[in-house]
Amino acid sequence: MAAENPVDRLQGEASCPICGEYFKDPVVIDCGHSFCHVCISQCWEGLDTSFSCPQCRETAEQRNLRPNRPLANVLELAKRLSLQVMKVAGGERVCEDHREPLKLFCEEDQDPICVVCDRSRAHRAHTVVPIEEAAQEYKEKIQAHLETLREEREKLLGFKVTGEGKSQEYLIQTQTERQKIVSEFQQLRKFLEEQEQCLLAQLANLEKEIVKIQNENVTKLSEGISCLSDLISEMEGTCQKPASEFLPDIRRTLSRCEMGKFQQPVELSAELEKRFSDFSQKNFALPETMKKFKANVTLDPDTAHPELVLSEDRKSVRWGDTWQDLPDNPERFDSDPCVLGYEGFTSGRHSWEVEVGDGLFWAVGVARESVKRKEGVSYNPESGIWAVEQCWWGQYQALTSPVTPLPLSWVPRRIRVSLDYEWGQVTFFDADNETPIFTFPPASFNGERIRPWLSVGLETQFRLCP
């Protein structure tokens with residue numbers, strides 16, 4: 001019988017009886033046997049008493065695990081000795097069974113073997129080649145696979161770069177969309193504040209008219225009640241007189257009674273009731289019509305005065321130096337430096353903004369489609385124009401009849417024009433600070449198309465805001 005290999009014996013003593021591998025964090029129990037700390041803990045998991053040894057079955061009443069430091073030291077030495085035994089001179093690996101260098105390679109088992117293994121029954125019928133030859137063959141196969149793997153890696157790197165580029169592009173787009181959303185909602189909040197001010201102003205005007213009619217009616221009713229009270233007292237006294245005194249004056253008495261009929265009070269006008277009804281209905285429809293408020297206005301080149309120069313996108317206009325040779329069509333202004341917006345409105349609420357710059361003698365507003373084009377135009381509502389004007393440095397006025405000076409304490413650079421067609425109202429705001437500039441009294445547009453209108457002064461350049 002072959003003598004037991006001391007290395008094998010050492011490896012056996014350094015192995016845990018439970019897991020069969022080298023001890024990990026070895027502990028010793030009361031009976032003297034050692035185990036991995038994790039192995040014995042799992043073995044005793046759920047037990048409260050009668051802790052038995054997995055190896056000798058001896059039981060203990062208490063769970064007592066003590067670190068086995070000497071065994072841990074022996075374990076470290078066993079690992080080092082095993083590594084040394086596995087090597088021979090020159091650093092070659094040796095067969096675990098025969099302690100001979102592994103010089104051959106078995107193709108069937110895909111394992112390195114020694115010359116003794118090659119002559120054994122286990123490998124006698126197998127194809128065996130020198131280990132270096134096998135290594136070279138398999139290295140070539142691996143090199144072929146490496147080329148494919150490198151190509152795959154390059155593809156993945158390409159996908160990564162492309163994906164990162166696309167992701168960055170989409171992130172930039174999302175940031176742009178975020179800024180767009182924030183900007184649009186800021187404009188919407190400004191517009192809603194503007195509409196709130198317009199609606200409250202309209203409601204205030206209605207309240208004034210209603211209170212005025214109410215006060216007039218109360219005054220007339222009070223006067224009538226006082227007169228009737230005096231007449232009733234007089235007639236009651238007359239009825240108390242004797243017949244000789246009562247009858248001679250009966251004709252005048254009856255005439256006074258008939259004259260005492262009081263005139264009925266004035267009712268709210270049908271127009272006022274209609275305006276109130278329209279106001280109420282419009283505001284209930286506010287959510288459905290909000291999207292129609294912001295108008296994308298451009299300029300109509302067919303209406304521009306020949307000395308006005310429009311930009312290619314028809315968003316800007318300035319005073320030119322020369323009279324342009326343009327067709328004298330009926331729509332064109334030829335006596336005043338005016339231009340109309342291409343868009344017109346026959347219903348709803350709309351607003352747009354105009355940058356007015358630093359020029360002189362300009363005006364901004366709206367005009368009827370029928371406004372005069374071929375002769376001197378009067379800038380007032382009677383002529384079909386509702387506008388505000390810069391008449392001199394720091395001086396502004398609303399073009400009413402007569403004009404209304406505007407006591408502005410600042411210089412507006414961007415003016416918002418707000419049109420409420422059904423209500424017949426035109427309002428102007430300083431778009432930079434949302435301050436109201438002027439609101440024209442309600443007018444009747446009678447279904448006629450209303451268009452943006454600009455009058456361009458000296459050194460003036462208008463730009464319609466996007």
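**Close-up views of a predicted chain**

W392 has a relative accessible area of 45% and is therefore partly exposed. The model in which this residue is viewed is a predicted one.

**Figure 1. The chain as a whole.** The chain contains 9 helices and 21 strands. Of its 466 residues, 32% count as buried. The chain exposes about 29,500 Å², and carbon and sulfur atoms supply 54% of that area. Among contacts with a separation of 6 or more, 59% are made by residues 24 or more positions apart. The average pLDDT of the chain is 83, and 88% of the residues score at least 70.

**Figure 2. A segment with pLDDT under 50.** Over residues 287-291, pLDDT stays under 50. For this segment the model has 2 contacts beyond four places in sequence. Where pLDDT is low, the predicted coordinates should not be read in detail.

**Figure 3. Two aromatic pairs, one stacked and one tilted.** A pair of aromatic rings is described by the distance of the centres and the angle of the planes. Two rings count as a pair if their centres lie within 6.5 Å, and by this rule the count comes to 11 aromatic pairs. Why is the pair of F345 and W352 stacked? The ring centres of F345 and W352 are 5.7 Å apart and their planes meet at 20°; planes under 30 degrees apart count as stacked, so this pair is stacked. F345 and W352 are both buried. The second pair, F361 with W392, is tilted, with 5.3 Å from centre to centre and 45° between the planes. This pair links distant parts of the chain, since F361 and W392 are 31 residues apart. F361 belongs to the loop between β12 (349-355) and β13 (363-368), whereas W392 belongs to strand β14 (residues 385-392). F361 has a relative accessibility of 33% and so counts as partly exposed. W392, at 45%, is likewise partly exposed.

**Figure 4. An aromatic cluster, and charged ends placed over rings.** W362, Y396 and F462 form one aromatic cluster. Elsewhere, arginine side chains are viewed together with aromatic rings. The charged end of R314 sits over the ring of Y342, at 5.2 Å from the ring centre. For R373, the charged end sits over the ring of F333, at 5.6 Å from the centre of that ring.

**Figure 5. The hairpin of β9 and β10.** Strand β9 (residues 308-310) pairs with strand β10 (residues 316-319) in the antiparallel sense, over 3 bridges. Within this pairing, V309 stands opposite R318 in β10. The two strands form a hairpin with 5 residues between them. Which residue in the turn has a positive phi? In the turn, R314 has a positive phi of about 60°; R314 also carries the charged end that sits over the ring of Y342.

**Figure 6. Strand β21 and its pairing with β10 and β12.** Strand β21 (residues 461-464) pairs with β10 in the antiparallel sense over 3 bridges. R318 stands opposite Q461 in β21, and V317 stands opposite F462. β21 is also joined to β12 by 2 bridges, and these strands run antiparallel. In that pairing, L464 of β21 is the bridge partner of V354. Which side chains of β21 point to one face, and which to the other? The side chains alternate along the strand: F462 and L464 point to one face and are buried, while Q461 and R463 point to the other face and are not buried. F462 is also a member of the aromatic cluster with W362 and Y396.

**Figure 7. The surroundings of S316 in strand β10.** Is S316 buried or exposed? With a relative accessible area of 14%, S316 is buried; the cut-off for this label is under 20%. Apart from residues up to four places away in sequence, S316 touches L299, V309, L310, S311, Q461, F462 and R463.

**Figure 8. The surroundings of T427 in strand β18 (residues 425-430).** T427 has a relative accessibility of 3% and therefore counts as buried. T427 and T439 are 12 residues apart along the chain, and their C-alpha atoms are separated by 4.3 Å. Which residues are in contact with T427, leaving aside neighbours within four places in sequence? They are C198, R416, V417, S418, F438 and T439.

Definitions and conventions
Residues are numbered from 1 along each chain as its sequence is written. This is a predicted model: local features need pLDDT of at least 70, side-chain atom pairs count only at pLDDT 80 or more; totals for chains, interfaces and linings use all residues. Side-chain values use heavy atoms; hydrogens and water are left out. Rings of Phe, Tyr and Trp (its six-membered ring) pair if their centres lie within 6.5 Å; planes under 30 degrees apart count as stacked, over 60 as edge-to-face and the rest as tilted. Buried means under 20% relative accessible area, exposed over 50%, partly exposed in between (1.4 Å probe, protein chains only). Helices (H or I, at least four residues) and strands (E, at least two) are DSSP runs, numbered from the N terminus. A charge sits over a ring if NZ of Lys or CZ of Arg is within 6 Å of the ring centre and within 35 degrees of the ring normal. Two strands pair if DSSP finds at least two bridges between them. Contact means heavy atoms within 4.5 Å. Accessible areas come from the Shrake-Rupley method with a 1.4 Å probe; for residues, only the protein chains shown count as cover. pLDDT is the predictor's confidence in each residue, from 0 to 100.
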